[in-house]
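Let's take a walk through this protein by following its charged side chains. Have the structure open as you read.

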Amino acid sequence: MRISFPSRAVFLAFTLAVPLAGCVSNASHNAQDVARERQAARNPGTMMKVGDSARARGDWTTAAAFYGRAVALRPGQPDYVGPYAEALMHQGRTNEAIEAIHGAEANATSAERVRLALLLAQLLNTAQRSQEAIGVLLPVIQQNPNSAPLRVALGISYEISGDAQGARQSYRDALRIDPNNIAAANDLALSEALGGQPHQALTELLALRTQAVERGASAASLSTIDGNLAIVYALEGKLSDARQSARSAALSSEQIQQNMRFYTLLHAAQGVDAASSAAGD
């Protein structure tokens with residue numbers, strides 16, 4: 001604690017007039033500050049609040065550090081482990097995040113187990129371990145058959161593993177449970193587009209975007225739809241529309257340029273595939 005002192009003359013006059021009270025008061029405040037700091041350092045809730053503040057600023061390094069302290073004070077507590085694992089994931093520390101989640105599974109309630117399974121599947125898919133993600137999700141789905149988010153996560157895992165049919169069925173299962181699930185409809189349309197039905201997917205995505213706006217969907221949801229629209233437009237050869245959708249997805253100019261190169265190559269690859277199919281016929 002830094003104290004700003006007045007000039008030497010004023011300071012001497014003050015101490016002569018009040019010889020003891022100021023010193024005792026400062027010592028008391030210093031002791032209180034130290035006690036509060038020590039108490040905060042032992043309070044996992046305080047650590048989580050600092051982590052949340054860092055996370056809101058996008059400072060994942062600081063968030064992981066303070067979340068980690070909270071987890072060290074309360075090992076295996078799912079409410080603490082979830083944010084900690086997410087912060088680790090954003091730092092690329094996937095294996096540490098996976099270990100942290102496994103450490104919390106034994107103490108998790110049914111609802112917490114669902115949240116941990118979703119995060120764990122995301123981590124495993126990021127690490128290109130989609131079969132493990134499927135293995136994590138299936139038993140949790142058996143226990144929670146009416147969870148649309150679990151079905152969407154399963155669909156993504158199947159998609160990454162190369163099982164497009166299984167992915168589409170999972171997305172449809174999610175929509176059967178929750179017809180308004182934007183993620184399921186969005187992912188299903190993209191899967192259909194990549195499976196050779198871009199025109200149908202385009203119709204579905206345009207309708208989905210209109211519905212999402214009417215429902216007041218989050219900016220992140222709209223951005224994801226626009227990103228998928230850009231891919232489908234590219235598959236259809238509509239590169240100007242693809243560029244516009246990429247802009248609507250709130251991407252940086254550099255990302256848009258990179259994506260446009262990808263969209264151009266994607267359209268060219270579709271043409272090669274179509275030519276190969278025709279030659280085969």
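**Following the salt bridges**

Glutamate 192 makes a good starting point: with a relative accessible area of 4%, this residue is buried. Keep in mind that you're looking at a predicted model. Why does 4% count as buried? Because the cut-off for buried is under 20% relative accessible area.

So who is the partner of glutamate 192? That's arginine 172, and the closest N and O atoms of this salt bridge are 3.9 Å apart. Arginine 172 sits in helix α10 (residues 164-177) while glutamate 192 belongs to helix α11 (residues 182-194), so their bridge ties together parts that are 20 residues apart in sequence. Unlike its buried partner, arginine 172 is partly exposed, at 39% relative accessible area.

Now have a look at arginine 55 and glutamate 86, whose side chains meet in another salt bridge, 3.0 Å from N to O. This pair also links distant parts of the chain: arginine 55 is in helix α3 (residues 44-56) and glutamate 86 is in helix α5 (residues 78-90), 31 residues apart. Arginine 55 counts as partly exposed at 33% relative accessibility, and glutamate 86 counts as partly exposed too, at 21%.

Next up are arginine 129 and glutamate 132, with a salt bridge of 2.9 Å from N to O. Here arginine 129 is partly exposed at 27% relative accessibility, and glutamate 132 is partly exposed at 40%.

How many salt bridges turn up in the whole structure? A search finds 9.

Conventions: Residues numbered from 1 in each chain as written. Predicted model: local features only at pLDDT ≥ 70, side-chain atom pairs only at ≥ 80, totals over all residues. Heavy atoms only, no water. Salt bridge = Lys/Arg side-chain N within 4 Å of Asp/Glu carboxyl O. Helix = DSSP H or I, 4+ residues; strand = E, 2+ residues; numbered from the N terminus. Buried < 20%, exposed > 50% of the residue type's maximum accessible area, 1.4 Å probe, protein only.
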